[in-house]
Amino acid sequence: MIPLKLIKEFASCRTDREAIADQQHSLTWQEYHDKVEIIFRNMHNTFNIYKIRSICYISPNRSELFILAAAAATFKIPFVGIDYTQKPENIKHMLDVSDCGLIVISSSFFLEEGIDIRRIIDLAPIIDLDNGLKAATHYSRLEELDSTTEPDIGQRAFKAISFTSGTSGPPKAAVRYASFDARRFNYFKSRYGFSSEDKYMLAMPMYHAAGNGWARLFMSLGATVIIAKPHDTKDMVRLIKSEKITASSMTPPLLLEVISHANGQEHTFKQNSLRFLLVGGKTSL
């Protein structure tokens with residue numbers, strides 16, 4: 001995701017414009033900046049950041065992940081999405097391959113899905129977004145500013161880690177040591193006219209390279225990212241209309257589900273704002 005320095009620039013010129021929103025929260029660019037700055041400082045004070053080689057997250061899409069991702073980008077630490085639909089042994093494999101030094105989880109999601117937290121509890125320190133796991137650092141604790149000392153983030157080379165879908169075996173890691181965002185983003189901005197006025201709906205899981213990458217593109221423009229409820233295609237249909245979504249990216253199965261819910265609502269969508277939809281990849285619903 002984009003680092004604090006760029007968020008600060010958008011906060012200064014797009015102060016009251018919406019940056020991100022999910023089912024629970026809506027943050028302006030100024031609010032987003034303030035939350036990222038606090039989390040950034042408190043992560044520095046709470047964890048041995050200099051020894052952490054990657055931060056991994058196991059959670060459905062939510063606004064807190066965007067805040068943590070921005071803090072990680074500011075530290076220049078890879079923020080790695082782990083496919084929570086994988087088998088437990090594959091999840092552990094991805095954490096090991098990522099050399100994960102800090103794990104972000106949603107304990108309520110683990111309980112709902114019957115995922116055994118004990119399999120990861122001893123692998124690395126944990127941040128619990130839902131503040132329910134005793135053995136973890138509660139996210140709410142990181143939201144309370146402890147220090148105004150400016151963290152020394154030091155020097156780190158660029159590194160990014162993502163994983164293949166795992167359809168032909170355990171997910172394989174793809175590691176990049178150079179960013180191609182600038183070249184790729186400039187092409188898409190020039191080709192499709194994306195701007196800060198766009199509203200992008202994040203429909204795919206953040207652990208999916210396309211979902212993460214496209215959200216990052218629109219954040220880098222100072223646009224708005226609307227975080228759809230994971231796998232709730234009926235609600236995605238509602239958001240496209242109510243939030244005046246201009247762009248999104250989906251897998252073919254996801255798009256088919258959205259279309260099936262939109263059928264019979266042609267009158268509702270006659271004036272929709274959607275003008276760009278990338279379709280590719282494959283994932284299970």
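## A predicted model seen from its largest pocket

Helix α8 gives the largest share of the lining of the largest pocket, namely 7 residues, in what is a predicted model. This pocket has a volume of about 1,000 Å³, and of the 44 residues that line it, those closest to its centre are Met1, Phe158, Ala160, Asp181 and Arg216. The elements that each supply at least two residues of this lining are α1 (4–13), α3 (63–75), β4 (79–81), β8 (160–163), α7 (181–192) and α8 (209–220). Sorted by class, the lining holds 27 nonpolar residues, 9 polar residues and 8 charged residues.

### The mixed sheet

Two open sheets are described here, beginning with the one that is built from 6 strands, placed in the order β2-β1-β11-β10-β12-β13 and with mixed pairing. Its edge strands are β2 (26–28) and β13 (276–279), each of which pairs on one side only, and the twist from one strand to the next averages 20°. Helix α3 packs on this sheet and touches β1 (18–21), β2, β10 (199–202) and β11 (224–227), while the direction of the helix makes about 135° with that of β11. Helix α3 is also one of the elements that supply at least two residues of the pocket lining.

Strands of a sheet pair through backbone hydrogen bonds, in either a parallel or an antiparallel way. In this sheet, β1 and β11 pair in the parallel sense over 2 bridges, and Ile20 has Val225 in β11 as its bridge partner. Strands β10 and β11 likewise pair in the parallel sense, over 4 bridges, with Lys199 finding its bridge partner in Thr224 of β11. Towards the edge of the sheet, β12 (residues 247–250) pairs with β13 in the parallel sense over 4 bridges, and there the bridge partner of Ser249 is Leu278 in β13.

How are the two faces of β11 covered, and which residues lie on each side? Thr224 and Ile226 lie on one side and Val225 and Ile227 on the other, and all of these residues are buried. In a regular strand the side chains alternate between the two faces of the sheet.

### The parallel sheet

The other open sheet has 5 strands in the order β4-β3-β5-β6-β7, and its pairing is parallel. Because β4 and β7 (137–138) stand at the edges with a single partner strand each, one side of each is left without a neighbour in the sheet. Strand β4 is also among the elements that supply at least two residues of the pocket lining. Within this sheet, strand β5 (residues 102–105) pairs with strand β6 (residues 126–128) in the parallel sense over 3 bridges, and Ile103 stands opposite Ile126 in β6.

### Leu142 and helix α9

Leu142 lies in helix α6 (residues 139–142). With a relative accessibility of 0%, this residue counts as buried. If its neighbours within four places in sequence are left aside, Leu142 is in contact with Ile38, Ile39, Asn42, Met43, Thr46, Phe47, Ile127 and Thr137. One of these contacts, Thr46, is 96 residues from Leu142 in sequence, and the two are 8.4 Å apart in space, C-alpha to C-alpha.

Helix α9 (residues 233–242) has as its buried residues Thr233, Asp235, Met236, Val237, Leu239 and Ile240. An α-helix has 3.6 residues a turn, so residues three or four places apart point the same way. Just after α9, Lys244 takes a positive phi of about 55°.

### Residues with positive phi

Two further residues, set out below, have a positive phi although neither is a glycine.

| Residue | Phi | Place |
|---|---|---|
| Lys76 | about 65° | loop between α3 and β4 |
| Asn131 | about 60° | loop between β6 and β7 |

Which class of exposure do Lys76 and Asn131 fall into? Lys76 counts as partly exposed because its relative accessibility is 42%, and Asn131, at 30% relative accessibility, also counts as partly exposed. The loop that holds Lys76 runs between α3 and β4, and each of these elements supplies at least two residues of the lining of the largest pocket. The loop that holds Asn131 lies between β6 and β7, both of which are strands of the parallel sheet.

Technical notes. Residues numbered from 1 in each chain as written. Predicted model: local features only at pLDDT ≥ 70, side-chain atom pairs only at ≥ 80, totals over all residues. Heavy atoms only, no water. 1 Å grid on protein atoms, 1.4 Å probe; cavity = no way out; pocket = protein on both sides within 12 Å on 5 of 7 lines; lining within 4 Å. Points joined across faces, edges and corners; volume = space filled by probe spheres on them. Nonpolar A, V, L, I, M, F, W, Y, C, P; charged D, E, K, R; others polar. Buried < 20%, exposed > 50% of the residue type's maximum accessible area, 1.4 Å probe, protein only. Pairing = 2+ DSSP bridges. Axes fitted to C-alpha atoms, helices over the stretch in contact; angles between N-to-C directions. Contact = heavy atoms within 4.5 Å.
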